[in-house]
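Notebook open, coffee poured. I wanted to look up how some helices pack and what sits around the ligand.

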Amino acid sequence: MEKGFIVRKVIIIGSGPAGYTAAIYAARANLSPLVVASSVEAGGELMNTTEVENFPGFPEGVMGPDLMAKMQEQAEKFGAEVVYDDVVSLDVSGDIKSVTLGRGETHEAEAIVFATGSAPRKIGIEGETRLSGRGVSYCATCDGFFFREKVIAVVGGGDSAMEEATFLTKFASKVYVIHRRGELRASKIMQDRAKANEKIEFVWNSEVIDVLGEDAVTGVRLRDTVDGSERDLALDGVFVAIGYDPRTHLVHNVLDITEHGTVWVDGRTSKTSVAGVFAAGDVIDPTYRQAVTAAGSGTVAALDLEHYLAARGDAGAPAEDASIIDGLPTPA
Ligand code: NAP
């Protein structure tokens, strides 16, 4: 460890609703959390969202990035420290956990909250990877602007696909929604909004089996999921919105992972298979994955870690009390 770093009470990895809510609670409990917010994805998936209409307390709706800025401000107000970097490795095998960041620093803490969220799922076909960034996108709010008066498609049948398709009609001349079944998974309000939009046309029972184009997207090849027939659909762009996968790559051989690919936690708690490591938000949730459930999950993690630290005999003490220099833990 680099000379001069202290052993903290807690390091929170992730800066979505789960990470920042855990930070707000931990900071108010005088635990001076360090939040590793990511170098390019600080704020999490809500940074790629437009209006959030279902977060309690905002009857007029709130823009995703504004909501995340408020959460960060609230965490910092109570003493959380935010670092814009990525965790490249972590060692949670000992009593004191360590986290190494992309720029080389290592931070140590008695407890870790793992709240890395989820990443957009890929269809997993060759053309998708080859043309990613050249007409294939996973973020309507980031890339929609590039498709003014173009014909594009959104793949998926959930709330994300409805939200992206509706948003993209601001730019595109036409938006196909390609769904593998004959009915949508999306909530009724989101479905109704998309179905009422004249620029949106649904392509039912269709699987994208290839993305076509040499240097840029020119279309997709579809397979009918009912009769197996194939056809090409001409397009200028494809937005993939088929759900999210939990970001667990850092902890695959470290923490127990469930059959859903999420980090295993003990019942309704945030306790992972390793003592002192807590997990919260989308990374543990295969079912609900809402901003507000993630925030609640961050609360659970903060309360669980407070109890964990209390059992060690030091919850609520200022971080400096347990600080050490040169990587030598203070004897318990
Ligand atoms: P989701 O609800 O899991 O839906 C994923 C959709 O993509 C489903 O329609 C699924 O088809 C389809 N799909 C999955 N894998 C596919 C594949 N390999 N090829 C083709 N299609 C595939 O995911 P989501 O829409 O991202 O939503 C995730 C969560 O966030 C949900 O809980 C949702 O309510 C929430 N969310 C809420 C809002 C909002 O309230 N404003 C906005 C966005 C997301 P099947 O239906 O056939 O399984």
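My entries on helix packing and the ligand follow.

**Ground rules.** I am working from a predicted model, where local features need pLDDT of at least 70, side-chain atom pairs count only at pLDDT 80 or more, and totals for chains, interfaces and linings use all residues. Residues are numbered from 1 along each chain as its sequence is written, and side-chain values use heavy atoms, with hydrogens and water left out.

**Entry 1: helix 1 and helix 7.** I took helices as DSSP runs (H or I, at least four residues), numbered from the N terminus. Helix 1 covers residues 17-28 and helix 7 residues 291-312; their axes come within 7 Å and cross at roughly 40°. Axes here are lines fitted to C-alpha atoms over the stretch in contact, and angles run from 0 to 180 degrees between N-to-C directions. That makes helix 1 oblique to helix 7; under 35 degrees counts as roughly parallel, over 145 as roughly antiparallel, 65 to 115 as roughly perpendicular, and the rest as oblique. I noted the contact (heavy atoms within 4.5 Å): helix 1 brings P17, A18, T21, A22, Y25 and A26, while helix 7 brings A291, A294, A295, G298, T299, A302, L303 and E306. By class I have ten nonpolar, three polar and one charged residues. Nonpolar means Ala, Val, Leu, Ile, Met, Phe, Trp, Tyr, Cys and Pro; charged means Asp, Glu, Lys and Arg; the others, Gly among them, are polar.

**Entry 2: helix 1 and helix 2.** Next I checked helix 2, residues 64-77, which packs with helix 1 at about 20°, the axes 8 Å apart. That makes helix 1 roughly parallel to helix 2. P17, Y20, T21, A23, I24 and A27 of helix 1 meet M68, M71, Q72, Q74 and A75 of helix 2. I get eight nonpolar, three polar and no charged residues in this contact.

**Entry 3: helix 5 and helix 6.** The axes of helix 5 (residues 159-168) and helix 6 (residues 188-195) come within 9 Å and cross at roughly 35°. Helix 5 puts D159, M162, E163 and T166 into the contact, and helix 6 adds M190, Q191, R193 and A194. The split is three nonpolar, two polar and three charged.

**Entry 4: the ligand.** How many residues surround the ligand? I find 19 (a heavy atom within 4 Å), the closest being D159, S160, R180, R181 and R185. For polar contacts I used pairs of N or O atoms within 3.5 Å. A polar side-chain atom of D159 is 2.7 Å from a ligand oxygen. E163 has a polar side-chain atom 3.4 Å from a ligand nitrogen. From Y288, a polar backbone atom lies 3.2 Å from a ligand oxygen.

How values were computed
Helices (H or I, at least four residues) and strands (E, at least two) are DSSP runs, numbered from the N terminus. A polar contact is a pair of N or O atoms within 3.5 Å; within protein, one must be able to donate a hydrogen and the other to accept it, and residues adjacent in sequence count only if both atoms are side-chain atoms.
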